[in-house]
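Please open the model in your viewer and keep the sequence panel beside it. The stops below are meant to be followed in order, with a selection to make at each one.

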Amino acid sequence: MSDLIEILLHIDIYLETLFSHTGHWVYVVLFFIIFAETGLVVTPFLPGDSLLFAVGALSSRQFISPWISFITLSMAAIIGNTANYHIGKIIGPRVFSKEHSIFFNKKHLDTTHAFYEKHGAKTIIIARFLPILRTFAPFVAGIGRMTYPKFQAYNIFSSFLWSGCFIWAGYFFGNLPIVKKHFSMFIIGIIIVSIIPTIIKAISLKRS
């Protein structure tokens, strides 16, 4: 856990090191991280928002291409959500029937399900910007048998919107002296700002 926190706080440095060792294969690594964060219900702890911001920051420093990053990671998010949707459609009902699942956090599933019941298909877009819910939203959409064309429309739009917002924010602001000097603090800020709405929603849904 401490290693994961260390990587998150200095994610720009680790990405620079990764690029120096792998070259353009770094896009493949980044693709699989975003794919896993959005496509596998068991890996909601992987970096999402902070990783995209760091990618944008490195793009502004000429390490990697912002456009290739934007397209690659948007596709990773789209494919990840699609895989998650189908996993939910196939095994979701059995998971919800178990109170103590080894691989799936029942509490997160219930929170996402309640969120989905309240906001409907818009959950796919809203949850993109909410850690944990982002990972479980397509899974629950599959369980609820949301029509596939409708799901994909929201999925594609939200994927480009999410990756674009954070990558281009990193691109335009990540190279500012104050951001470079206090990059870890900005990453912490992104994580906190991202998590707070999830916590508030979870509490409000529990009370309602």
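What follows is a walk through a predicted model, going from a long helix to its aromatic neighbours, then to a surface patch and finally to the charged pairs.

**Stop 1: helix H9**

Begin by selecting helix H9, residues 148-173, and display it as a ribbon with its side chains shown. H9 has 26 residues and spans 37 Å from its first C-alpha to its last, which is close to the 38 Å expected at 1.5 Å a residue. Next, colour the buried residues of this helix, which include Phe151, Gln152, Asn155, Trp162, Phe166, Ile167 and Gly170; Ser158, Ser159, Ser163 and Gly164 are also among them.

**Stop 2: the start of H9 and its partner in H5**

Now select Tyr148 together with Tyr85, and show both rings. They form a tilted aromatic pair, 5.6 Å from centre to centre and with 50 degrees between the planes, and this is one of 13 aromatic pairs counted in the model. The pair links distant parts of the chain, with Tyr85 in helix H5 and Tyr148 in helix H9, 63 residues apart. Which of these rings is buried, and which is partly exposed? Tyr85 is buried, because its relative accessible area is 1% and the cut-off for burial is under 20%, whereas Tyr148, with a relative accessible area of 34%, is partly exposed.

**Stop 3: an aromatic cluster**

Move along H9 and select Trp168 and Phe172, which both lie in this helix, 4 residues apart, or about one turn. In an α-helix there are 3.6 residues a turn, so residues three or four places apart point the same way. The ring centres of Trp168 and Phe172 are 6.2 Å apart and their planes are at 35 degrees, so the pair counts as tilted. Trp168 is buried at 18% relative accessibility, while Phe172 is exposed at 55%. Extend the selection to Trp67, Phe70, Phe160 and Tyr171, which join Trp168 and Phe172 in one aromatic cluster.

Keep Tyr171 on screen and add Ser60, a residue of helix H4. Leaving aside residues up to four places away in sequence, Ser60 touches Gly170, Tyr171 and Asn175, and Ser60 itself is buried, with a relative accessible area of 14%.

**Stop 4: a nonpolar patch**

Switch to a surface representation and select Phe172, Phe173, Leu176, Ile178 and Phe186. These residues form a nonpolar patch on the surface, with about 510 Å² of accessible area together. Leu176 sits in the loop between helix H9 and helix H10, the latter covering residues 177-181, and this leucine is partly exposed, with a relative accessible area of 37%. Phe172 therefore belongs to both this stop and the previous one, being a member of the patch and of the aromatic cluster, and at 55% relative accessibility it counts as exposed.

**Stop 5: the salt bridges**

Return to sticks for the charged residues. Side chains of opposite charge can pair when their charged atoms come close. How many salt bridges does the structure hold? There are 3.

Select Arg61 and Glu16 to see one of them, in which the closest N and O atoms are 3.6 Å apart. Arg61 lies in the loop between helix H4 (49-60) and helix H5 (66-96), and Glu16 in helix H2 (residues 11-22), so that this pair links parts of the chain 45 residues apart. Arg61 is buried, with a relative accessible area of 17%, and Glu16 is partly exposed at 27%.

Then centre the view on Arg134 and add Glu37, with which Arg134 forms a salt bridge whose closest N and O atoms are 2.9 Å apart. Arg134 belongs to helix H8 (residues 133-143) and Glu37 to helix H3 (residues 26-39), 97 residues apart. Both are buried, Arg134 with a relative accessible area of 3% and Glu37 with 1%.

Finally, add Asp49, which forms a salt bridge with Arg134 at 3.1 Å between the closest N and O atoms. Asp49 lies in helix H4 and Arg134 in helix H8, so this pair ties together parts that are 85 residues apart in sequence. Asp49 is buried too, at 4% relative accessibility, and through shared partners the salt bridges join Glu37, Asp49 and Arg134 into one network.

Note on methods. Residues numbered from 1 in each chain as written. Predicted model: local features only at pLDDT ≥ 70, side-chain atom pairs only at ≥ 80, totals over all residues. Heavy atoms only, no water. Patch = residues over 30% accessible without salt bridge, like charges linked within 9 Å, V, L, I, M, F, W, Y side chains within 5 Å. Areas by Shrake-Rupley, 256 points an atom, 1.4 Å probe, with all protein chains shown as cover. Salt bridge = Lys/Arg side-chain N within 4 Å of Asp/Glu carboxyl O. Helix = DSSP H or I, 4+ residues; strand = E, 2+ residues; numbered from the N terminus. Buried < 20%, exposed > 50% of the residue type's maximum accessible area, 1.4 Å probe, protein only. Phe/Tyr/Trp six-rings, centres within 6.5 Å; stacked < 30°, edge-to-face > 60°. Contact = heavy atoms within 4.5 Å. Expected span 1.5 Å × (residues − 1).
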